[in-house]
Amino acid sequence: MTSLPQVITLPFTYLIFVGGGTVLFWLLWIFLTRQIQSKKKFTSSSEERDWRIPIIDSQSGGDSLFHRWDPRIKLCALVVFMFCVASLTQLFWASIALITAFIAVAAAHIPFQYPLRRVAAMGAFLSMFLVVMPLTAPVKPADTRIVFEGISWMQFNLRGFFLALLICLKAIAIALLTEPLLSTAPFSVTIQALARLNAPPILCQMLLLAHRYIFVFQDEAGRMLKGMRARGFKKQRNMETVRTLGNFLGMLLVRSFDRTQRVFDAMTARGYTGTWPNGVVFRVYPNDWIKGVFWVMLGCGMLICDRWLNAPV
Amino acid sequence: MHISDGVLPTVVSLGGYAAGLAIAAWSAKQIRPDDLPKVAVVTSAFFVASLIHVPIGPTSVHLLIPGLVGILLGNGAFLSISLGIALQSLLFQFGGLTAIGANAVMMGIPALISGWLFRALSRNNASRRVWVGATTGGLGVFLSVLMLALLLMTGGEDFVGVAKIAMYAHLPVLAIETAISGIVVSFLIRVKPELLDDAFTSSISGR
C-alpha cells in the first residue's frame, strides 16, 4: 500500500456516484431485511415489529461434526477461537477467518438464513463504523486520503475505511460462528455444559429461567398489543403514544410478575430447592479432543501469522 | 446500542469479562432465593424492552431501560442486566459474544447507580418518586452512553469520531427513556407499589 500516493483527488461528479451508490446500497439493504422479515411474518401490519423470538437451538436435532462434539469442549475451543479472531489486525487474515466461519456453518448443516439474520441484526452498528470512520479517523502522515474537487473539508481516509472493514469482517465471522456454537445442541445442554465448566451455578440457572420467561413475556405482550390495537391504538409521534407505551411496559411487568410468582410457588411446592436435576451425561471421546485442539490451533495459528507475517494482500 | 465483536481491543473485552463476572457474583449474593422470580422477570423485561420501538422524529428508537432495572432490583440489577445482555447476544446478536462482559459493565454499572440514587432520593411521596424515577431512568441511559463512548475510545484515537456520533445518536433515546421511566414508575405506584419497595429489606408480598 506504500505505492499509493498520499492524496487522491477525484472530480466532484464521482462524489455524486459514490453518494448515490451508498444510498442505493442502503435502500437495497432495507429492502432485503424487509423481505427476510415479511417471509416469516403472518401479520399484515407493517408498523409492528416481529415479536417472535428466534429459537436458539432450532437445529439441535441435526447431525454433523458439530452436533457430535462434546458441548464442553465445543464451548471452550470455539470461544478461544472467537477471541483469536477478535484480536486479528490484518484484513487478509480477517477474511480467512470469515471464510472459515462460512465453512463451519456449512459443515454444521445449518441453513444460512439463521446466521444471516444475526449479521442483519448488526447492520446498523457496523454501517455506522463504515460511514463514520473514514471521515473522522485522524490523518497520519502515511495515510492515503481521497479528496473530492471543490470540497476540501471532506477527506475520505482510506486507513479509517480499512479499519472499519476489518471490524466488520471480524464481527461477521464471529457472528456466523455463534450458530455452530449454540444451535447444534439443545440450549439446556449447552447451559449444563457451562455449569460443568465451573461457571457460577446461579448464573446458569438464572439464564435458563430468564430464557423461559422471555417466552412468557412475549406471549403476554402479544396479547396486550392485540387488545390495544382492537381498541384503536396506533403508534404515532406524540406524547400520548409514549404515555401508552409506558403504561404498556408497566402492565407487562405487573402481569408477568404475578404469573411468574405463581410458577415459582408451584416449583417450590414440587420440591425446587434452587438446583436442577442433572439429567445430562457428558462423555468425551478422543474425537472431541481432536476437534478442540484443531480449532484452538487454527485460532492461535491465525493470530501468530497475523502478528508476524505480512499478508500478501 | 451494544458493542459487537471485533471492535474492542482484546485486553478490554477480557477485562470486561473479568469485571462483569466479579460484579455479577457480588450482585448475585445480594439476592435472596425468594427474589429470583423477580430478577428473572425484570431480566426478561429488559430483554423485551429492546423490542419495543417508540416513534420519535423521523425514526424510531428502542428502549434500553438500564435505569428502570436499577430502580426495580437495586443491587441485584447488575446480575439481571448481565443475563439480559447475554441473552440478547446469544439470541439476536445484539452485542457480540466476546463483548458480553464489556456490554454488561456498560449497562450494569449505570443501573446500579440509578438504583442507589432512586432509593436515596425518593421518599414515600408519590409525585416525588415519579420525578426521581424519571430522572434516574434518564441518568441510566446517559451513563450507559458515556460508558459506551469511553469503551469505544479504548480502541485509540481513530474511534473518537464514532464515539461522538454514537453519543449524539442516543439523545432521542435519552428523552424517550426519561419519559417512559417516569410513566412506568407512576403506573407501578398506582397499580403495584410493592414492586418498588426495596426488595432486599422488605419481604415481597407478591400475591
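This report describes one pocket and one helix pair in a predicted model.

The model is predicted, and local features need pLDDT of at least 70, side-chain atom pairs count only at pLDDT 80 or more, and totals for chains, interfaces and linings use all residues. Residues are numbered from 1 along each chain as its sequence is written, chains are lettered from A and ligands numbered from 1 in the order in which they are written, and side-chain values use heavy atoms, with hydrogens and water left out.

The second largest pocket (on a 1 Å grid over the protein atoms alone, an open set of points where a 1.4 Å probe fits, with protein on both sides within 12 Å along at least five of seven lines) has a volume of about 870 Å³. Its lining (residues with an atom within 4 Å of a point) comprises 30 residues, and Leu194(A), Ala199(A), Tyr17(B), Leu21(B) and Ile100(B) lie nearest the centre. By class, 25 lining residues are nonpolar, five are polar and none is charged. H1(B) gives the most to this lining, with five residues. Helices here are DSSP runs (H or I, at least four residues).

Helices that give two or more residues to the lining include:

| Helix | Residues |
|---|---|
| H8(A) | 201-230 |
| H1(B) | 10-29 |
| H5(B) | 100-121 |

In chain B, the axes (lines fitted to C-alpha atoms) of H3 and H8 come within 9 Å and cross at roughly 25 degrees. H3(B) and H8(B) are therefore roughly parallel (an angle under 35 degrees). Contacts (heavy atoms within 4.5 Å) join residues of H3(B), including Leu68(B) and Ile71(B), to residues of H8(B), among them Val184(B) and Leu188(B). The residues of this contact divide into seven nonpolar, one polar and one charged.

Terms used:
Grid points are joined across faces, edges and corners, and a volume is the space filled by probe spheres set on the points. Helices (H or I, at least four residues) and strands (E, at least two) are DSSP runs, numbered from the N terminus. Ala, Val, Leu, Ile, Met, Phe, Trp, Tyr, Cys and Pro count as nonpolar, Asp, Glu, Lys and Arg as charged, and the others, Gly among them, as polar. Axes are lines fitted to C-alpha atoms, for helices over the stretch in contact, and angles run from 0 to 180 degrees between N-to-C directions. Angles under 35 degrees count as roughly parallel, over 145 as roughly antiparallel, 65 to 115 as roughly perpendicular and the rest as oblique.
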